[in-house]
Amino acid sequence: MNSLDAPSVIDWFRLAAPYVNDLRGRTLVIAIPGEGLAHENFRNLVHDLALLSSLGTRLVLVFGARDQITSALSDAGIESAFHGDSRITDARTLEVVKAVVGRLRFDIEAAISQGLPNSPMAGAQLRVVSGNFVSAQPLGILDGVDLQWSGRVRRIDGDSLSSQLHGGNLVLIPPLGTSLTGEIFSVNYLELAEALAASLRAEKLILLRENGQLQVEGNSVRELPLARAEKLLAQCDSSSLRIAVRACNHGVPRVQMVSYSANGALLEELLTRGGSGTMVYRDSYETVRRARIEDVGGILGLIRPLEKEGVLVRRSRKKLEGEISHFTIFEVDSSIVACAALYPITDQAGSTVAAELACVAIHPDFRGGGRGARLMRHLERQARSQGVEELFVLTTQTEHWFIEQGFAPVAPESLPASRQALYNDLRQSRVMRKALV
């Protein structure tokens, strides 16, 4: 909007009204890196957050601090050490991390509290709360390297967070997590934001970055369906895209990459048709995603009839809960209508050599519409991303359907050795194989 004349303002507001209505009562998780906090545009971003809050949007702000921590370590004469992309956080480093993150937290609260009186949102009351909403556990020893107090998210206190959001508070989350033993762990802010968005079932995850739009082969990309984003992820090394794909696979409908340096970019992305950044999205009506523990009941309701018919091997609720991370589901209007599990098959050295597709089930009312094939394609992409070169499936009654999906019958002896030992001669299942390369 280049002009401030009344007709332009009115027209813009009318065009924005549907987006305002859609955001009311929705939860947005916004992740900003340390360099975004230090940018001169951060003050404008604070004003925009206050505006979104006043419109009834529920906001969670997660911040990173890598640049500030590296600088503080240098000032203290402590060398920064990394294993891959993860900082090795020893005891001295942890003290610096806590000091830096604590200072940034209070700086952000001050910016939100003090920045509003002389801003377009003068008079708005944006309350900020923070707390021990995140439990963490150590990353442990990777490739023989002990990462010490570098951790990963273990649990999100979603009920307490939801209560604060329902009260109209902006929740500020630092890149730290506490453990049951009273320890503090440094966590990756992007992974933390993704976990929060999935736990809170946020409508959107906003990833603030220097350049909002993702560049692919020199071209700006505005929208990416999840399937295409997964393909691009295999071609480029982008932490934002990796988090976006993971978040969508864990149930977040929209992940949007937005510039923290461009004034008004966040509002433009959320309140205009064209937007300003790149959006990765999954179909909100028909969705293929990784299963979560709360999906166990829906999966059991889907597979129990097939177990009684002998199509599937019976699984107890306890077994299903323990294996839920292997499952992918197909949802139609939030109801589970299909599911399947992907189990890696390893050799004696522990390397993944293949994968077994199991517990493939489609509700009778949703067969014949191509949803099973779509679920299969998703699982094949998932398997390829894990380095799997061939898929196996054991079936007693659906051999022809798997042939239609590109599988071919093979002898049980074709199974990898570790899987042959588990083959049930009494079921006399057909063994099907599909090469992925």
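**Reading strands, helix and fold in a predicted model**

Modeller: Let us start from one pair of residues: L357 stands opposite V393, the latter lying in strand β23. Keep in mind throughout that this is a predicted model.

Colleague: How many bridges join strand β22 to β23, and in which sense do the two run?

Modeller: Pairing is read from bridges, and two strands count as paired when at least two bridges are found between them. Here β22 (residues 352-362) and β23 run parallel and are joined by 3 bridges. Strand β23 also pairs with strand β25 (residues 430-435), this time in the antiparallel sense and over 6 bridges, with E390 standing opposite A435 of β25.

Colleague: Why can β23 be called largely enclosed by the rest of the structure?

Modeller: The reading rests on burial, where a residue is called buried when its relative accessible area is under 20%. In β23 (residues 390-395), 5 of the 6 residues are buried, so the strand is largely enclosed by the rest of the structure.

Colleague: Which faces of strand β17 are covered, and by what do we recognise this?

Modeller: One takes the residues of the two sides separately and asks about the burial of each. For β17 (residues 254-259), 6 of its 6 residues are buried: R254, Q256 and V258 belong to one side, V255, M257 and S259 to the other, and both faces are therefore covered, by the cut-off of under 20% relative accessible area.

Colleague: Which strands pair with β17, and in what sense?

Modeller: Strand β13 (residues 204-209) runs parallel to β17 and is joined to it by 6 bridges, among them those in which I206 has Q256 as its bridge partner in β17 and L207 has M257. Strand β18 (residues 278-281) pairs with β17 in the antiparallel sense over 4 bridges, and there M257 has T278 of β18 as its bridge partner.

Colleague: What is the order of strands in the sheet that holds β17, and which strands stand at the edges?

Modeller: The pairs are followed from strand to strand, and here they give an open sheet of 8 strands with mixed pairing, in the order β5-β10-β2-β1-β13-β17-β18-β16. The edges are taken by β5 (128-129) and β16 (223-225), each of which has a single partner strand, so one side of each is left without a neighbour in the sheet.

Colleague: How many residues of helix α9 are buried?

Modeller: The same cut-off applies to a helix, and in α9 (residues 239-249) 8 of the 11 residues are buried, so this helix, too, is largely enclosed by the rest of the structure. The buried residues are S240, L241, I243, A244, V245, A247, C248 and N249. Just after α9, G251 takes a positive phi of about 105°.

Colleague: How many helices and strands does the protein chain have, and how compact is it?

Modeller: The secondary structure comes to 15 helices and 25 strands. The radius of gyration is 24 Å, close to the 22 Å that the globule rule gives for 437 residues, so the chain is as compact as a globular protein of that length. Its C-alpha trace spans about 75 × 60 × 45 Å along the principal axes, and buried residues make up 48% of the 437.

Colleague: What do the contacts and the surface add?

Modeller: Among contacts between residues at least 6 apart in sequence, 70% join residues at least 24 apart. The accessible surface comes to about 21,400 Å², and 48% of this belongs to carbon and sulfur atoms. As for charge, the mean positions of the 47 positive and 49 negative charges are 5 Å apart.

Technical notes. Residues numbered from 1 in each chain as written. Predicted model: local features only at pLDDT ≥ 70, side-chain atom pairs only at ≥ 80, totals over all residues. Heavy atoms only, no water. Buried < 20%, exposed > 50% of the residue type's maximum accessible area, 1.4 Å probe, protein only. Rg over C-alpha atoms; globule rule 2.2 N^0.38 Å. Contact = heavy atoms within 4.5 Å. Areas by Shrake-Rupley, 256 points an atom, 1.4 Å probe, with all protein chains shown as cover. Lys, Arg positive; Asp, Glu negative; His and termini not counted. Charge placed at Lys NZ, Arg CZ, Asp CG, Glu CD.
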